[in-house]
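Visitor: I have a model to look at and a few terms I would like to see justified. Could you walk me through them?
Guide: Gladly; here it is.

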Amino acid sequence: MKSLTDRWGRWVVPYAALWITLLVGGVIVVALALMGAEVYDNVVDDAGLANLDKPALALVEGWRTPALNSFVTGFTNIGGGIGMPILASILTAWLTIHSRTWRPIILVGGAAAVSITATSVGKKLFGRTRPDHADAVPPYETSPSFPSGHTLNTTVVIGVVVYLTCLELRRTIARVGLITAGAVFIVAMGLSRVFLGHHWMTDVIAAWLLGLAWLGIVILAHRLFHVMRHRKHAGPAPTFDHPILDHGHGPDNAGAAESSGGRSQSG
């Protein structure tokens with residue numbers, strides 16, 4: 001019982017602000033997905049962004065070749081229900097080991113859980129039909145089209161991984177290169193869904209916007225946690241070796257913590 005209480009105090013309490021913000025942000029994003037039904041109906045009725053759908057599909061159909069179709073199909077599978085969890089697990093494990101904190105697991109796992117929920121809710125709510133099989137590249141998909149799950153989940157997972165990795169990098173040029181690579185990957189994943197005829201362009205645009213909104217909330221949650229932690233604790237963030245600093249043993253420990261904090265990385 002005492003061990004369980006100690007673990008709760010070490011790993012849950014220090015991250016309380018992060019958990020709460022993730023929860024609130026997740027509710028907001030799912031609520032936006034639900035409220036989007038009326039907005040989507042208005043877009044279709046007014047022939048707004050939906051005017052992009054058929055012209056975009058017609059354009060990419062002219063670019064298709066057997067070799068390019070196979071390449072794009074292989075690439076888009078990375079963002080699917082099997083490829084993305086594998087990729088996310090590998091990247092999250094690497095970040096967790098490198099940073100020696102649980103934050104990558106909390107952030108990537110929490111962000112991905114909400115994006116998957118938003119995708120599922122959106123598809124059931126809108127029930128939009130995908131492009132005809134005659135205009136698509138096999139293997140065909142039969143689930144509802146809006147929003148694009150590949151695009152939404154890739155935007156969120158890769159976005160969070162890029163953000164956390166940037167915190168570990170010292171050189172600006174390395175950060176710029178990583179952000180650029182992540183953005184290209186996210187854009188390419190969305191466009192691949194249109195190229196294959198598996199989604200309409202508006203499915204992808206909506207997924208990008210929703211994913212970026214949720215990504216912003218996740219990053220804000222992490223920054224909020226970081227600020228609140230530094231208000232309560234001096235020194236480095238909790239790690240595997242030092243879960244949380246103990247300030248109850250006098251000024252010597254506080255001085256040591258301050259010295260240790262000066263040598264630690266932020267983030």
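Visitor: Which helix does Thr92 lie in?
Guide: Thr92 is part of helix H5. Do keep in mind that this is a predicted model.

Visitor: Why does Thr92 count as buried?
Guide: Thr92 has a relative accessibility of 9%. Buried means under 20%, so with its 9% Thr92 counts as buried.

Visitor: And what is Thr92 in contact with, leaving aside its neighbours within four places in sequence?
Guide: Those contacts are Pro104, Ile105 and Val108. Contact here means heavy atoms within 4.5 Å.

Visitor: Let's turn to Phe71. Is Phe71 buried or exposed, and how do you know?
Guide: The relative accessible area of Phe71 is 59%. The cut-off for exposed is over 50%, so Phe71 is exposed. You will find Phe71 in helix H4, which covers residues 66-77.

Visitor: Which residues form a nonpolar patch on the surface?
Guide: The patch is formed by Leu59, Trp63, Leu68 and Phe71. Together they have about 450 Å² of accessible area. What lets Phe71 qualify on accessibility is that patch residues need over 30% relative accessible area, and Phe71 has 59%.

Visitor: Now the interior, please. Which members of the largest nonpolar core touch the most other members?
Guide: They are Val157, Val160 and Leu164, in a core of 21 residues. Two or more residues each come from helices H5 (83-99), H6 (103-126), H7 (149-168) and H9 (201-232). H7 gives the largest share, seven residues.

Visitor: What does Val157 contact, leaving aside neighbours within four places in sequence?
Guide: Val157 is in contact with Met84, Ala88, Val108 and Ala112. Apart from the largest core there is another one, of ten residues, including Ala56, Val162, Cys166 and Trp208.

Visitor: Stepping back, how many helices and how many strands does the chain have?
Guide: There are ten helices and zero strands.

Visitor: What percentage of the chain's residues count as buried?
Guide: Of the 267 residues, 42% do. Each of these has under 20% relative accessible area.

Visitor: And what share of the contacts with a separation of 6 or more joins residues 24 or more positions apart?
Guide: That share is 78%.

Visitor: Finally, which atoms supply 68% of the exposed area?
Guide: Carbon and sulfur atoms do, out of about 14300 Å² that the chain exposes.

Note on methods: Residues are numbered from 1 along each chain as its sequence is written. This is a predicted model: local features need pLDDT of at least 70, side-chain atom pairs count only at pLDDT 80 or more; totals for chains, interfaces and linings use all residues. Side-chain values use heavy atoms; hydrogens and water are left out. A nonpolar core is a set of buried Ala, Val, Leu, Ile, Met, Phe, Trp, Tyr and Cys residues joined through side-chain atoms within 4.5 Å. Buried means under 20% relative accessible area, exposed over 50%, partly exposed in between (1.4 Å probe, protein chains only). Helices (H or I, at least four residues) and strands (E, at least two) are DSSP runs, numbered from the N terminus. Patches are made of residues with over 30% relative accessible area and no salt bridge: like charges are joined within 9 Å, nonpolar side chains (Val, Leu, Ile, Met, Phe, Trp, Tyr) within 5 Å. Accessible areas come from the Shrake-Rupley method with a 1.4 Å probe; for residues, only the protein chains shown count as cover. A salt bridge is a side-chain nitrogen of Lys or Arg within 4 Å of a carboxyl oxygen of Asp or Glu.
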